[in-house]
Amino acid sequence: MNTIDTIRYGGTELHAGASARRGFVGRLTLVLRSAASQLDLMMQRRRGRLALMEMTDEQLKDIGISRCDAHREGIKAFWE
């Protein structure tokens, strides 16, 4: 049944509110999942930067990064 069909102005049934609540919960779930994904991405980035700072000069040379570049990248905040 369509939401528009369930609204009766003369009667006591108004089912649109229940449908709107389910929509809100769905949107809230989507927002929370998105926020969790973004937080996970930021934490992965931070772990990668910390690993970069722990590499030896030989390892950095293998991937083509100088110690200065590794340090500059490693001190960035996790949200950057």
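This tour moves through a predicted model, one selection at a time.

**The whole chain**

Begin with the full protein displayed as a cartoon. Its secondary structure comes to 4 helices and 0 strands, and reading along the sequence gives the pattern α-α-α-α. Of the 80 residues, 10% count as buried. The protein exposes about 6,600 Å², and carbon and sulfur atoms supply 60% of that area. Among contacts with a separation of 6 or more, 36% are accounted for by residues 24 or more positions apart.

**Colouring by confidence**

Next, colour the model by pLDDT. The mean for the protein is 81, and 74% of the residues reach 70 or more. Select helix α1, residues 3-6: among the elements of the protein, helix α1 has the lowest mean pLDDT, 52. Then select helix α3, which has the highest, 94. Where pLDDT is low, the predicted coordinates should not be read in detail.

**Helix α2: a nonpolar patch**

Select residues 16-54, which form helix α2, and show the side chains of F24, V25, L28 and L32. These four residues make a nonpolar surface patch of about 380 Å². Is V25 buried or exposed, or does V25 fall in between? With a relative accessible area of 48%, V25 is partly exposed; the value lies under the 50% above which a residue counts as exposed.

**Helix α2: L41 and F78**

Remaining on helix α2, select L41, which has its place in this helix. L41 is partly exposed, at a relative accessible area of 38%. Add F78 to the selection and display the C-alpha atoms of the pair. L41 and F78 are 37 residues apart in sequence, and their C-alpha atoms are 9.3 Å apart in space.

**Helix α2: R49 and its network**

Now select R49, also in helix α2. R49 counts as buried because its relative accessibility is 6%, under the 20% cut-off. Which residues does R49 touch, once those up to four places away in sequence are set aside? They are E73, G74, K76, A77, F78 and E80.

Keep R49 displayed and bring E73 and K76 into view. K76 forms a salt bridge with E73, with the closest N and O atoms 3.2 Å apart. Salt bridges that share partners join R49, E73 and K76 into one network. Within this network, K76 is partly exposed, with a relative accessible area of 31%, and E73 is likewise partly exposed, at 26%, whereas R49 is buried.

**Helix α2: L52**

Move along to L52, which lies in helix α2. L52 is buried, with a relative accessible area of 13%. Leaving aside neighbours within four places in sequence, L52 is in contact with L60, I63, I65, A70 and E73. E73 thus appears a second time, since E73 is among the residues touched by R49 and also among the contacts of L52. Add R67 to the view: L52 and R67 are 15 residues apart in sequence, with 9.3 Å between their C-alpha atoms.

**Salt bridges of helices α3 and α4**

Side chains of opposite charge can pair when their charged atoms come close. A search of the whole structure finds 4 salt bridges. To see one of them, select D57 and R67, whose side chains meet in a salt bridge of 3.1 Å, N to O. This pair links distant parts of the chain, 10 residues apart: D57 belongs to helix α3 (residues 57-63) and R67 to helix α4 (residues 67-74). Both ends are partly exposed, with relative accessibility of 48% for D57 and 35% for R67.

For the last stop, select D69 and R72. The closest N and O atoms of this salt bridge are 3.0 Å apart. Why are D69 and R72 separated by about one helical turn? They are 3 residues apart in helix α4, which means a separation of about one turn. D69 is partly exposed at 35% relative accessibility, and R72 is partly exposed at 47%.

Key: Residues numbered from 1 in each chain as written. Heavy atoms only, no water. Patch = residues over 30% accessible without salt bridge, like charges linked within 9 Å, V, L, I, M, F, W, Y side chains within 5 Å. Areas by Shrake-Rupley, 256 points an atom, 1.4 Å probe, with all protein chains shown as cover. Helix = DSSP H or I, 4+ residues; strand = E, 2+ residues; numbered from the N terminus. Buried < 20%, exposed > 50% of the residue type's maximum accessible area, 1.4 Å probe, protein only. Contact = heavy atoms within 4.5 Å. pLDDT = per-residue confidence, 0-100.
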